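Subject: A structure for you to look at

Hi there,

Here is the structure I promised to pass on to you. Have a look at it first, and then read on for what turned up.

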Amino acid sequence: MNRPLGELSVGRFGEVLAARGPGPAAGSTAAVTASLAAGLATKVAKGAADREAVEELDRLRTRALRLADDDVEAYSGFLEARRKPGGGPAAAEAIVQVPADVVTLAVRVAELAALLAESGPDALAGDAVTAVFLAAAAAESAAALVGANIADAGELADPRVEDAEERAGRARTLAERLV
């Protein structure tokens, strides 16, 4: 697939996910989910006339979509590198770093959305809460991928797994406070 994932319709994205092969999968889905959370939180920030939050959330939304494409590229590179002698370590690093970046981004979206849930317009509170839950889900999914991808790369006891889980736990805590 040559088009950036962010340019696909939701329906087409679902079709691409459902296709066989190594194309977009869990990592891309986590990144797209973080992007959707950022978009929803941006709606709330606009309703609250919070320009700083709007600008940051717009940047996060755009970055999340780039990470969705980066994830596809990293995993394809990893599969190709595994076929070559000694080609795996650098490619393995990419399949860990991209979901780790998704965790960081999604946690920030959850933080901003949680603040907006508390201080934004009452009419948009449901949107803010939904953004927090989506961002938390994206963070937790990406953290699980960090661990899975480290295991796939043959690493043992890598501190990045615990770090990603702790950061995702921050987003989960923010979501739990809203129920």
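Which helices each supply at least two residues of the lining of the largest pocket? They are α1, α2 and α3. Before going further, please keep in mind that this is a predicted model. Its mean pLDDT is 92, and 94% of the residues reach 70 or more. Among the elements, α2 has the highest mean pLDDT, 97, while α1 has the lowest, 91.

Back to the pocket. The space in the largest pocket comes to about 230 Å³. Its lining is made of 13 residues, and those nearest the centre are Leu8, Val10, Val32, Leu36 and Leu65. Helix α2 gives the largest share of that lining, with 5 residues.

Helix α2 is a good one to trace along the chain. It runs over residues 26–47, which makes 22 residues. From first C-alpha to last it reaches 32 Å, close to the 32 Å expected at 1.5 Å a residue.

After α2 comes alanine 49, in the loop between α2 and α3. Most residues other than glycine have a negative phi. Alanine 49 is not a glycine, yet its phi is positive, at about 55°. Is alanine 49 buried or exposed? It counts as exposed, because its relative accessibility is 66% and the cut-off for exposed is over 50%.

Another loop residue to find is alanine 123, between α4 and α5. Alanine 123 is also counted as exposed, because its relative accessibility is 75%. Although alanine 123 and glycine 47 are 76 residues apart along the chain, their C-alpha atoms are separated by 9.0 Å.

Now for the inside of the protein. In soluble globular proteins, nonpolar side chains tend to be buried together. The largest nonpolar core here has 61 residues, and the members that touch the most others are Leu57, Leu105, Val109 and Leu116. At least two residues of this core come from each of α1 (10–18), α2, α3 (51–82), α4 (88–119), α5 (125–152) and α6 (159–177). The largest share, 18 residues, is supplied by α4.

Leucine 105 is a handy place to zoom in. Setting aside neighbours within four places in sequence, leucine 105 is in contact with Ala34, Leu60, Arg63, Ala64 and Leu67.

Finally, try two residues of helix α5. Valine 146 lies in this helix, and it counts as buried because its relative accessible area is 1%, where buried means under 20%. What does valine 146 touch, not counting residues up to four places away in sequence? The list is Val96, Pro99, Ala100, Arg160, Val161 and Ala164. Its C-alpha atom is separated by 9.1 Å from that of valine 103, with their positions 43 residues apart along the chain.

Asparagine 149 is the other residue in α5. Asparagine 149 is buried too, because its relative accessible area is 10%. Leaving out neighbours within four places in sequence, asparagine 149 is in contact with Ile95, Val96 and Pro99. Val96 and Pro99 therefore appear in the contact lists of both asparagine 149 and valine 146.

Happy exploring, and do write back with any questions!

Best wishes

Definitions and conventions. Residues are numbered from 1 along each chain as its sequence is written. This is a predicted model: local features need pLDDT of at least 70, side-chain atom pairs count only at pLDDT 80 or more; totals for chains, interfaces and linings use all residues. Side-chain values use heavy atoms; hydrogens and water are left out. Helices (H or I, at least four residues) and strands (E, at least two) are DSSP runs, numbered from the N terminus. The expected span of a helix is 1.5 Å times one less than its number of residues. A nonpolar core is a set of buried Ala, Val, Leu, Ile, Met, Phe, Trp, Tyr and Cys residues joined through side-chain atoms within 4.5 Å. Buried means under 20% relative accessible area, exposed over 50%, partly exposed in between (1.4 Å probe, protein chains only). Contact means heavy atoms within 4.5 Å. pLDDT is the predictor's confidence in each residue, from 0 to 100. On a 1 Å grid over the protein atoms alone, a cavity is a set of points where a 1.4 Å probe fits but cannot get out, and a pocket is an open set with protein on both sides within 12 Å along at least five of seven lines; lining residues have an atom within 4 Å of a point. Grid points are joined across faces, edges and corners, and a volume is the space filled by probe spheres set on the points.
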